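This report describes selected local features of a single model. It takes strands, core packing, ring interactions and backbone geometry in turn.

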Amino acid sequence: MMKFRFRRQGADPHRDRLRHDLFAFSKTVEHGFPSQPSALAYDPVLRVMAIGTKAGAVKLYGAPGVELTGLHKETATVTQLHFLPGQGWLLSLLDDNTLHLWEVCQKEGCSHLEETHSFGLPGRPGSDSANCSPGITRVTVVLPTSTGAVACLGTEGGTMYFLALPALVLLEDKTLFPDEILQSVPDDYRCGKALGPVESIQEHPRDSSRLLIGYSRGLVVLWEQSTRTVQHLFLGNQQLESLAWEQSGKSIVSSHSDGGYMVWAVSSTSQRTQQPVMSTIPYGPFPCKAISKILWRTCESGNPFIIFSGGMPRASYGDRHCVSVLQGQTLATLDFTSRVIDFFTVQSAEPSPPSPGFENPRALVVLVEEELVAIDLQTPGWPTIPAPYLAPLHSSAITCSCHVSNVPLKLWERIISAGEQQSPRLSSAAWPIDGGKNLAQEPTQRGLLLTGHEDGTVRFWDASGVSLKPLYKLGTANIFQTDCEHNDSLNQAGEEEWPPFRKVGCFDPYSDDPRLGVQKIALCKYTAKMVVAGTAGQVLVMELSDEKSEHAVSVATVDLLQDREGFTWKGHDRLAPRNGPLPFAPGFQPSVLVQCVPPAAVTAVTLHSEWNLVAFGTSHGFGLFDYYRRNPVLARCTLHPNDSLAMEGPLSRVKSLKKSLRQSFRRIRKSRVSGKKRLNTSSPSSKVQEANAQLAEQAGPPEVEMTPVQRRIEPRSADDSLSGVVRCLYFADTFLRDAAHHGPTMWAGTNSGSVFAYALEVPSQEKFSERAVEAVLGKEIQLMHRAPVVAIAVLDGRGNPLPEPYEVSRDLAKAPDMQGSHSMLISSEEQFKVFTLPKVSAKTKFKLTAHEGCRVRKVALVSLASAGSEERMENCLACLTNLGDIHIFTVPGLRPQVHYGCIRKEDISGIASCVFTKHGQGFYLISPSEFERFSLSARNVTEPLCRLEVARLQDTSCLSNSLTATPKLPQANGTHVPCSPEGLVAAPKPSHPHGSPGSPEEHPATSSPGTIDSPNSSMENPLDTTGDITVEEVKDFLASSEEVERNLRNASEDEARPTGILIK
C-alpha cells in the first residue's frame, strides 16, 4: 500500500535563516588524557609542553585553556618531540623514520599548529640505498641546537647528520661518520669493534659549537663542530643509555644498562679520560635494569638533583615503573602504575636569576602511559601538584556519565571544598606549565560532568570550559564488605623499606569487586541530593554534608519479582553492607541503601527531591522508594515468562549456549519460510504490491511529492530475552486521571515497548512524616512494534519540557502551562511519537527506522539559543543513532531539521557513552581516557582560543596562511574526517550552487525535507499510518467504563477517516 501526500513546494527563507542561527555542528575539544602517548617535549621559554601519541597526534599544552592540536598525515607513532625554544617550532620524529616540522601560526588573533616541512633520510652517501640496510640510517637521537639553525640527527649506524632549520635541508658537508671518530680512539680500546648506534647528543651548556656524543658501546666524545676535531674522549666500557651535562660544563653524567651511572670530569689538560670521578649503582649490588634517562640539575640552596628513570633491581622489582629523585642523602623512588614515557624539569620562574649557573628546578613533570604527574621539588617531601587538565579519566574504567548544567554557585563551592579536604597532602604550588594566553571568554554557566567508574567511585569534573578539571571524588566501596581495604596498607611504604617506594599518580584500573561498578547517577543541584546505583542492584541515596560524620546507613530491600514463581536468580550475590556506624568525610554521605532483589544491575534511575522519591529499574522490574520515610512505595515486575536470560546477570558464567544456538536456528528457519511466502506472486496482495511498485517508478506531476521509501519493520517477538529490562523512568506533574486535575505521576518504559504510568499521591511538605506516598497504576501502553522505549518526556501546553524540581519555586524557570493540554513524547528505538494527555491518543510521530534505516541510541531535549538573538530560544529533540548520526527535530511537531555524522558507526563504545547537555553540547568517549566534546548550537560553543607569543630568529611564514578558516584537525583515533569550512557550519542549504552536492564527509550538515513550517506546528503533519502496524494498545485503569467506550468509538472513527490519497 502506498500513499501520496500533497505538500507545499519551495523553501521558507526565514526558517532557513533561523535554522542557520540555531544549528551548527562542530567537534570542539578533547577532554582527558591522550590515548597511548609516546613522546614528550618542553619549551622552557614559551613554558608549554607537547605530547605525541602512537596515532600520530601532536598536542600542545600551556596554561589552562591553552591547547593546540595537530595530526600527521601518516598514521605512525611519534617517537620523539623537540622544541626550538621560544620560536614556536616543534620537531617530531615518527617511527617510519621521517622528521616533521610544526609551526605555531597566528590566524585571526589565535594560534594554530600547522605542519610545514617533512624530511626522510636517504641511504648512506656513497652506497646504493637499495642495498643499504634501513637500520643504518634509522634515526635514534634528535637535537635542535640552541641557535635554532641546525638539527643534529644520530642514527643506528653511528653516523650523525645535520639539517638546516626550518627548511629541513640536509647539510651533507657536515655529516660525521664513525670512521672519523675512530681515528682518535686508541687501538687497545678500538679492538675492531664498532661504536654502535648514537644513544645521546647533548650541547655544551656554555658553548653551542661543542657537542657531547655518546655511542652505545660506551664511548663518549666531545666534538668541536667548527674545527671538526675530537676535543675529549671518555672511554667508558659499559653500554651507554643516556648523557647529561652539569650546568657549568665541567662535569657530565652518563647512565648505563647495568643500572648504574657515572660522573666524569671534563678536563682541559688531557684529551682522554679513562676512569670516571664517581661510579655507582643506586639500587645494587644485585643485577639491576638499565637507567634509560638521567638529568643533573644544580640547586643554589644545596646539593644538586639527580633524577633518573629505571635502575630497579631486576629480580625483585623489575616490573616496577619508577623515576628516582636524589638530592644529597634524600632519595625518593616514585612508583607509577604504568610505563614511564619521558620526564623533564621546570626551572624556577624568577624575574632575575639570583645566581647564574644554578638551574633551581621548581617541578618535575613525568609522563607515563596512563597519566601525567607533576612533583613539587621546592616543598619538603616533594608532594604532587594537582593538574588542572590531562586528568586520567580512566583511572578506573568509566561505566556511565551524567552532565548537570547551570550548577548553583553555593553547591559548586561546597563540592570544591569537599574535594580540597580529600587531598591535604597535595602541593599548594601553582601549575608549572603556564605558557600562552587563554583568549576564550569566561564560561557563562557552571557545568558539572559526573563519571561513574568500575571501582564504585563517582568523579566530579569542572566541564565549564576547555580544561576538564577534577573537583571531587566520591567513593562507595567503604559502605560494603569488600576486599579493597588491603590496598591502603600496600601503598604506604615502611620506614625501613628499600627501595623507598612512594606510590604516585591515581591510575588504578583494577577493581577488587566488579559488583561495585556504578551504572546510573542522578543529582539534584538545588537540594544537593544524589542517587548512585550499581551493578549488584544497590541504590544509594546520598546528601552533601560540609562536615565529617559517623553514622549507620539505613538498609531497605525491594523485591522486584513480587514472589513470582518459576524464576531463579543465577547471577552474582548482592554486596553485603557493613554494620554499625561508619565514618564519612565531608562531601556526599549515604543516608539510605536500597537493595534490589534479585541483585541485577540497575538500568535506570531518576530522582525527585521535591517529592522525596527515587525510582529505579533493573532487568526484572522497577521500584519506587520514599527516602524521607525510608520505605518502599511500589514494586512492579516486568518479566515475561520466557525472560530466562534476565535471571543470569551480566557476570554469570552459566548462560546457555544451547539455547542461544537454538534461537538462532529458529530465526534463520523463520526468515527462510517468510521469504518463500513473499515470493508467492500468484496471490492477489502481491499483485497489488507489484502494481504499486511499478506506479511508484513512474514520474508523478511536479506538484505532488511522494513520501520517502519506508522500510518494512517487523514487530518484535513478545518473548525476546531481556524484554523486561527497564530502560527509562520519569517523574512529571501532569494530567493522567482527567483533563481537569493534574498531579504527580511516574512513568516507566521497558525493552519490550511497554510504558507504565502511575498516579502518585504525594503529601504536602508539612505532612511528609505523617502520610505515606501512594502509587496507583493509571495507564499501560504497549507499542505494537515492541521497540525498546529509550526516553519519556511530558510537554506542557506550550510544547515546552516540564521544569526540574524546585526550579519554579525558586524562580529559576517559568512555570509550566497548565491551562492547555499536555503531551507525552515517547522515544523508542524505532520512532518518536507524541500522545495527548490524559487520553493517550496519538498526535504525531516520526518513524526514524522506517525512513533512515537506523535505531535510536540516545535522546535528549535540548534548548538552543539563536546566534543572532539571545532571546530567541527553541526546544528541540536531539537523537543519536546506532550509525553515529545525530538528528535534530522540532518539539512537539517532530519535524526533522538537520542531521550530522558525529561518531563512526563501528565505534560502539563511543555511541554508548554519549551524553547530551541541556544547551546543545555533548560528550562521548573516543578512547578509554578521552572525551570528545561537540556542539550542536551555533551560539553555545566551548573551544580552545589561545595565543602563544613567539620570537623567531628567522622570519618564516606558515605554509597554510592562505586559508581563510581553520577547521578542527582530524582526531587521532580517526573519528573525525577533514572537512571543508562549509561542512563545519551546520547551515542547511536548499540547493548546491556550485554543481553536484558533496559527499557526507564534505557536507555533514544535511537539512531534512518538510521543515518549512513552524517548529511547534503539528497540525499540518498528519499522523502517518502508511503500511502502519503500530496501533498502540492503551489500558486506562483510572477512567470509567462509559468513558472507555466513548474513547474506543472515537478511535475507530478516527481510523476510518482517510488521511491521504491511498492506492489499494
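The paragraphs below set out these features for what is a predicted model.

**The β12-β13-β14 region**

Strand β13 covers residues 160-164, and four of its five residues are buried, so the strand is largely enclosed by the rest of the structure. On one side, β13 pairs in the antiparallel sense with β12 (residues 150-155) over five bridges. Within this pairing, Gly154 has Met160 of β13 as its bridge partner. The two strands make a hairpin with four residues between them, and Gly158 in the turn has a positive phi of about 95°.

Strand β13 also runs antiparallel to β14 (residues 169-170), to which two bridges join it. Here Leu163 is matched with Leu170 in β14. Again a hairpin results with four residues between the strands, and Leu168 in the turn shows a positive phi of about 55°. The loop between β13 and β14 also holds Pro166, which is joined to Leu165 by a cis peptide bond with omega of about 5°.

**An open four-stranded sheet**

A further set of strands, in the order β28-β29-β30-β31, forms an open sheet with antiparallel pairing. Its edges are β28 (340-347) and β31 (384-385), each of which pairs on one side only. Strand β28 is joined to β29 (residues 361-368) by seven bridges, and Phe343 has Val366 in β29 as its bridge partner. In the loop between β30 (371-376) and β31 lies Trp382. This residue is not a glycine, yet its phi is positive at about 50°. Is Trp382 buried or exposed? Its relative accessible area is 9%; because the cut-off for buried is under 20%, Trp382 counts as buried.

**The largest nonpolar core**

In soluble globular proteins, nonpolar side chains tend to be buried together. The largest nonpolar core of this model has 35 residues, of which Leu448, Leu450, Phe460, Met530 and Phe588 touch the most other members. Helix α5 (residues 409-422) supplies the largest share of this core, with four residues. Beyond its neighbours within four places in sequence, Phe588 is in contact with ten residues named as follows: Ile415, Phe460, Tyr472, Leu474, Leu523, Ala528, Met530, Met542, Glu543 and Leu544.

**Aromatic rings and charges over rings**

The model holds 22 aromatic pairs. One of them, Trp611 with Phe731, is edge-to-face, with 5.9 Å centre to centre and 85° between the planes. Trp611 lies in the loop between β45 (604-608) and β46 (613-617), while Phe731 belongs to strand β50 (residues 726-734), so the pair ties together parts that are 120 residues apart in sequence. Both Trp611 and Phe731 are buried. Elsewhere, ring pairs link Phe25, Tyr900, Phe916, Tyr924 and Phe934 into a cluster.

Arginine side chains also lie over aromatic rings, as tabulated here.

| Charged residue | Ring | Distance from ring centre |
|---|---|---|
| Arg217 | Tyr189 | 4.5 Å |
| Arg320 | Phe501 | 4.2 Å |

**The start of β48 and the loop before it**

Arg630 is found in the loop between β47 (621-626) and β48. Its phi is positive, about 60°, although Arg630 is not a glycine. With 40% relative accessibility, Arg630 counts as partly exposed. Asn631 is in strand β48 (residues 631-637) and is likewise partly exposed, at a relative accessible area of 24%. Apart from residues within four places in sequence, Asn631 is in contact with Phe625 and Asp626. Asn631 and Thr557 are 74 residues apart in sequence, and their C-alpha atoms are 9.1 Å apart in space.

**Thr881 and a second cis peptide bond**

Thr881 belongs to strand β59 (residues 873-881). At 0% relative accessibility, Thr881 is buried. The residues that Thr881 touches, not counting those up to four places away in sequence, are Leu848, Cys854, Arg855, Val856, Arg857, His887 and Ile911. From Thr881 to Glu830 the C-alpha separation is 9.8 Å, across 51 residues in sequence.

A cis peptide bond also runs from Gly284 to Pro285, with omega near 5°. Pro285 is located in the loop between β23 (278-280) and β24 (291-299).

Note on methods: Residues numbered from 1 in each chain as written. Predicted model: local features only at pLDDT ≥ 70, side-chain atom pairs only at ≥ 80, totals over all residues. Heavy atoms only, no water. Pairing = 2+ DSSP bridges. Core = buried A, V, L, I, M, F, W, Y, C linked by side-chain atoms within 4.5 Å. Buried < 20%, exposed > 50% of the residue type's maximum accessible area, 1.4 Å probe, protein only. Contact = heavy atoms within 4.5 Å. Phe/Tyr/Trp six-rings, centres within 6.5 Å; stacked < 30°, edge-to-face > 60°. Lys NZ or Arg CZ within 6 Å of the ring centre and 35° of its normal.
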